[in-house]
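Student: Hi, I've just opened this one and don't know my way around yet. Can you walk me through it?

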Amino acid sequence: MLESFDRMADNFEFNELLVTIQDSLSHEDRIRFHFLFIDTVPRDTCNDISIGGTMKLFQTLRNLDRINAANCYCLIVAFERIGRIDVAQRLKEFSNNNEQNEIAVEDKLPYPSRFSFCRII
């Protein structure tokens, strides 16, 4: 029961972080971010660059098991790719603080030329 509560708390914090990130994105950021996932999520989700569309994209990535509270590496890579290093850093800090992760995010990220683990390009 306690483990389930901890998981729910982690998910809530992750959702809160996703909302905060979405609020920080400009229109141009959302265009670039959505484009990275054009081959990963349904086209209508990628084409909807509204605030709600970005939240739907996050949810779709969760449904596809590409991101969750314990693994947001795909988002880190995507935000680094579109030049939002600040957002990538927030996600790294979240991952490093998340008790489910035993290894720091920096230790798991591949070199910039290899991103097959999240299939965004």
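Tutor: Sure, and one term first: two residues are in contact when they have heavy atoms within 4.5 Å of each other. This is a predicted model, where local features need pLDDT of at least 70, side-chain atom pairs count only at pLDDT 80 or more, and totals for chains, interfaces and linings use all residues. Residues are numbered from 1 along each chain as its sequence is written, and side-chain values use heavy atoms, with hydrogens and water left out.

Student: Okay, how many helices and strands are there in the protein?

Tutor: The protein has 7 helices and 0 strands. Both are DSSP runs, numbered from the N terminus: helices are H or I with at least four residues, strands are E with at least two. Reading from the N terminus, the elements go α-α-α-α-α-α-α.

Student: And what share of the residues count as buried?

Tutor: 40% of the 121 residues count as buried. Buried means under 20% relative accessible area, exposed means over 50%, and partly exposed is in between (1.4 Å probe, protein chains only).

Student: Let me pick a residue, then. Which helix is Thr60 found in?

Tutor: Thr60 sits in helix α4, which covers residues 51–63. Its relative accessible area is 13%, so Thr60 is buried.

Student: What is Thr60 in contact with, leaving aside neighbours within four places in sequence?

Tutor: With those neighbours set aside, Thr60 is in contact with Val41, Pro42 and Thr45.

Student: Same helix, other partners: how do the axes of α2 and α4 cross?

Tutor: Helix α2 (residues 27–36) and α4 have axes that come within 11 Å and cross at roughly 30 degrees. The axes are lines fitted to C-alpha atoms, for helices over the stretch in contact, and angles between N-to-C directions run from 0 to 180 degrees. α2 and α4 therefore count as roughly parallel. The cut-offs are under 35 degrees for roughly parallel, over 145 for roughly antiparallel, 65 to 115 for roughly perpendicular, and oblique for the rest.

Student: Which residues make the contact?

Tutor: Arg30, Phe33 and His34 do it from α2, and Ile51, Gly53, Thr54, Leu57 and Phe58 from α4. The crossing of α2 and α4 is left-handed, a word used when the near helix is turned anticlockwise from the far one by less than a right angle (clockwise would be right-handed).

Student: What about α5 and α6, at what angle do they pack?

Tutor: They pack at about 160 degrees, with their axes 7 Å apart. That makes α5 and α6 roughly antiparallel. Their crossing is left-handed. On the α5 side you have Leu75, Ile76, Phe79 and Glu80, which meet Ile85, Val87, Ala88, Leu91, Lys92 and Ser95 in α6.

Student: Switching to charges: how many salt bridges does the structure hold?

Tutor: There are 5 salt bridges, counted when a side-chain nitrogen of Lys or Arg is within 4 Å of a carboxyl oxygen of Asp or Glu. One of them joins the side chains of Lys92 and Glu80, at 3.0 Å from N to O. Lys92 is in helix α6 (residues 85–97) and Glu80 in helix α5 (residues 73–81), so this pair ties together parts 12 residues apart in sequence.

Student: Is Lys92 buried or exposed?

Tutor: Lys92 counts as buried, at 13% relative accessibility. Glu80 is partly exposed, with 28%.

Student: What does Asp44 form a salt bridge with?

Tutor: Asp44 pairs with Lys56, their closest N and O atoms being 3.7 Å apart. This pair links distant parts of the chain, with Asp44 in helix α3 (residues 43–47) and Lys56 in helix α4, 12 residues apart. At 41% relative accessibility, Lys56 is partly exposed.

Student: Which residues are linked in a network of salt bridges?

Tutor: Asp29, Arg32, Arg84 and Asp86 form that network. Within it, the side chains of Arg84 and Asp86 meet at 2.9 Å, N to O. Arg84 is buried at 13%, while Asp86 is partly exposed at 44%.

Student: Last topic: how many disulfides does the count come to?

Tutor: The count is 0 disulfides, where a disulfide is a pair of cysteine sulfur atoms within 2.5 Å.

Student: Why is there no bond from Cys72 to Cys74?

Tutor: Because the sulfur of Cys72 is 9.8 Å from the closest cysteine sulfur, the one in Cys74, and that is too far for a bond. Cys72 is buried at 0% relative accessibility, and Cys74 is buried at 2%.
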